Amino acid sequence: MPAGKRWTDDVVVALARAVQRRVVAASPSGRARWARMVGRLMWAAGKRRRHVAVANLGYAFPEKSEAERTEIARRSAMHFGGSVVDFMCAAGWTLESLLADATVEGKEHLDEAFAGGKGVLLITGHLGNWERMAAYLSLSGVDLTVIIRDANQEGVNEMVNDMRRASGTKVLPRGDAARPIITTLRKNGMIGILPDQNSEEVFVPFFGQPAGTVLGPGVIRDRTGAAVLPAACFHLGEGKFVIKFYPLLQPVDLPEGKKGEGLMLAVNRWLESAIREHPEQWLWMHDRWRAAKQRGLVQ
């Protein structure tokens, strides 16, 4: 790593750890103030991201006015500010503390997924408080490995992954994933994947618009026969959450298409329906339709 980048990385990590110490030591009302502050900072500092968010909401909700879309985008930034602050306390999470703050719905779908004996692909998105859901599963005794995209700063990346590992969740960088994924699924373990970000592998409808979508989960499911379990953890306000497991997904039967595309169509349909439940809790600031725009598939 170049010296300048290393210095920047060290400064960012030092600041993040300093804030984390303050957040962990704060009262619930103090953490709420931190959450609002971080959310406002995300909204105020991310001018380009604000434009992306409002444009994305235009694709998803063309019937809404620009003012309505801007308000959803603002609330999304506030939500993710709160999620960051919440996750800073992850090292102190226990199964008891998580269940004190959350209800669990659809556990029969989780049980059904493992009953197949071929492993489970847990599908969620940058939606709600996904880190809480991962911690709940790991602390419940599930052998969970999450596939992650490394952060730009190495130190930040390690800090975040240490917080994930605190609950027993295993972390696997996306580029090193193929063999460990197969091994975990053959042991009837669970692989967590967030397939809701821009890709160029295949273009699958999402909110009625072609969106560049990864094929990996579909290919893995075809190869292993693993159950595909969609799930989300939503914030209900005032420190309360709901962890929801949905019915298992099956590939859509496509007469033509790439291997795995049928499942990814089902995944995008589920993601869309889950986002509609709480649109302010999805990461609209990510340029989800970037590849589709570059190809002229959306305007």
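Modeller: A residue is called buried when its relative accessible area is under 20%, exposed when over 50%, and partly exposed in between (1.4 Å probe, protein chains only). The model is predicted, so local features need pLDDT of at least 70 and side-chain atom pairs count only at pLDDT 80 or more, while totals for chains, interfaces and linings use all residues. Residues are numbered from 1 along each chain as its sequence is written, and side-chain values use heavy atoms, with hydrogens and water left out.

Colleague: How many of the 17 residues of H11 are buried?

Modeller: Helices (H or I, at least four residues) and strands (E, at least two) are DSSP runs, numbered from the N terminus. Helix H11 covers residues 261–277. H11 is mostly covered, and its buried residues number 13.

Colleague: How far apart are the end C-alpha atoms of helix H11?

Modeller: The expected span of a helix is 1.5 Å times one less than its number of residues. For the 17 residues of H11 this gives 24 Å, and the model agrees, with the end C-alpha atoms apart by 25 Å.

Colleague: Which residue meets Arg276 in a salt bridge?

Modeller: A salt bridge is a side-chain nitrogen of Lys or Arg within 4 Å of a carboxyl oxygen of Asp or Glu. Arg276 is partly exposed, at 41% relative accessible area. Its partner sits four residues away in helix H11, about one helical turn. With 3.1 Å from N to O, that partner is Glu272.

Colleague: How many salt bridges are there by this rule?

Modeller: Side chains of opposite charge can pair when their charged atoms come close. Some salt bridges share partners, and these join Asp86, Asp101 and Arg132 into one network. The count of salt bridges comes to 13.

Colleague: Which residue forms a salt bridge with Glu131?

Modeller: The closest N and O atoms of this pair are 2.9 Å apart, and the partner is Arg164. Glu131 lies in helix H7 (residues 130–139) and Arg164 in helix H8 (residues 154–165), so the pair ties together parts that are 33 residues apart in sequence. Glu131 is buried at 14% relative accessibility. At 17%, buried too is the partner asked for, Arg164.

Colleague: Which side chain meets that of Lys170 in a salt bridge?

Modeller: The N to O distance in this salt bridge is 2.9 Å, and the partner of Lys170 is Asp143. Lys170 is in strand S4 (residues 170–173), while Asp143 is in the loop between H7 and strand S3 (144–148), 27 residues apart. Lys170 is partly exposed at 45% relative accessible area. Partly exposed as well, at 31%, is Asp143.

Colleague: How far apart in space are Leu41 and Met78, C-alpha to C-alpha?

Modeller: Leu41 belongs to helix H2 (residues 28–45), and its relative accessible area of 56% makes Leu41 exposed. In sequence Leu41 and Met78 are 37 residues apart; in space the value is 8.8 Å.

Colleague: Near what value is phi of Asn188?

Modeller: Asn188 is in the loop between helix H9 (178–186) and strand S5 (190–193). Asn188 is partly exposed, at 24% relative accessibility. Phi is positive here, in a residue other than glycine, and is near 60°.

Colleague: Is Glu238 buried or exposed?

Modeller: Glu238 lies in the loop between strand S8 (227–237) and strand S9 (240–245). Its phi is positive too, near 55°, in a residue other than glycine. With a relative accessible area of 81%, Glu238 is exposed.
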